[in-house]
Amino acid sequence: MSSSLAGSSPKVRIGSTPADAPREWPSDRVVAVELDVRDTGTIARATAEASDATILLHNDGMPEWPPVTLGGGDLSAVAAHLDTNVVGVIRLASAFAPVLADAPRGVILMVYSVQAWINLSGAYAVSQAALSP
């Protein structure tokens, strides 16, 4: 694979919310793209900007780990995790699917946590289990 990239200069687009975007990149091939998986507007703009994408790699999620217990816990936190870590992934993959279908060897990679199998964190683990095959 590295030999196929040697003669080309593919762009690497890094999607993040404005607050998370780094100020400087080590290469002019790296381009910041505003992206919030809960916001269909930013997803549409990112898809349009990356209309030549061949790979979508998603490795994002909410960092907070609110506990989930029977008879307690913050259900709004569970809903937020599911919206971001599950529904957001579906939004993103659905938006990029037509772009990647037109690309030679288009690929979608979704990274999820070992917490899909070992619950160490409540709401986060629930959302990761939903992504597990």
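Select Arg91 to begin: with 23% relative accessibility, this residue counts as partly exposed. Keep in mind that you are looking at a predicted model. Now add Asp83 to the selection, and you have a salt bridge, with N and O of the two side chains 2.6 Å apart. Asp83 is partly exposed as well, at a relative accessible area of 26%.

**The other salt bridges**

How many salt bridges does a search of the whole structure find? There are three. For another of them, select Asp52 and Arg13, whose side chains meet at 2.9 Å, N to O. Asp52 sits in the loop between H2 and strand E3 (55-58), while Arg13 belongs to strand E1 (residues 12-16), so this bridge ties together parts that are 39 residues apart in sequence. Arg13 is partly exposed, its relative accessible area being 27%.

Next, pick Asp36 and Arg38. These two form a salt bridge, and their closest N and O atoms are 2.9 Å apart. Are the two partners buried or exposed? Asp36 counts as buried, at 19% relative accessibility; the cut-off for buried is under 20%. Arg38 is partly exposed, with a relative accessible area of 46%.

**Into helix H2**

Leave Asp36 on display and select Thr42, a residue of helix H2 (residues 40-49). Thr42 counts as buried, at 1% relative accessibility. Which residues does Thr42 touch, once neighbours within four places in sequence are left aside? The contacts are Glu34, Leu35 and Asp36, and Asp36 is the residue you have just seen in its salt bridge with Arg38.

Now extend the selection to Ile43, Ala46 and Thr47, which are buried in H2 along with Thr42. Turn the view until you look down the axis of H2: the buried residues fall within an arc of 135°, so they line one face of the helix. As background, an α-helix has 3.6 residues a turn, so residues three or four places apart point the same way.

To see what lies over these buried residues, show strand E2 (30-34) and helix H3 (75-102), which are among the elements that cover them. Before leaving H2, go to its N-terminal end and select Asp39. This residue caps the helix, with a side-chain oxygen 2.8 Å from the backbone nitrogen of Gly41.

**An aromatic stop**

The structure holds one aromatic pair. Select Tyr112 and Trp117 to find it: the pair is tilted, with 5.6 Å from centre to centre and 50° between the planes. Tyr112 is partly exposed, at a relative accessible area of 26%, whereas Trp117 counts as exposed, at 58% relative accessibility.

**Zooming out**

Finally, clear the selection and show the whole chain as a cartoon. You can trace four helices and six strands, which run α-β-β-α-β-β-β-α-β-α from the N terminus on. Colour by accessibility next: of the 133 residues in the chain, 32% are buried. Switch to a surface, and about 8,400 Å² is exposed, with carbon and sulfur atoms supplying 59% of that area.

A contact map makes a good last view. Taking contacts between residues at least 6 apart in sequence, 53% join residues at least 24 apart.

Notes: Residues are numbered from 1 along each chain as its sequence is written. This is a predicted model: local features need pLDDT of at least 70, side-chain atom pairs count only at pLDDT 80 or more; totals for chains, interfaces and linings use all residues. Side-chain values use heavy atoms; hydrogens and water are left out. Rings of Phe, Tyr and Trp (its six-membered ring) pair if their centres lie within 6.5 Å; planes under 30 degrees apart count as stacked, over 60 as edge-to-face and the rest as tilted. Buried means under 20% relative accessible area, exposed over 50%, partly exposed in between (1.4 Å probe, protein chains only). Helices (H or I, at least four residues) and strands (E, at least two) are DSSP runs, numbered from the N terminus. Contact means heavy atoms within 4.5 Å. The arc is that of the directions from the helix axis to the C-beta atoms. A polar contact is a pair of N or O atoms within 3.5 Å; within protein, one must be able to donate a hydrogen and the other to accept it, and residues adjacent in sequence count only if both atoms are side-chain atoms. A salt bridge is a side-chain nitrogen of Lys or Arg within 4 Å of a carboxyl oxygen of Asp or Glu. Accessible areas come from the Shrake-Rupley method with a 1.4 Å probe; for residues, only the protein chains shown count as cover.
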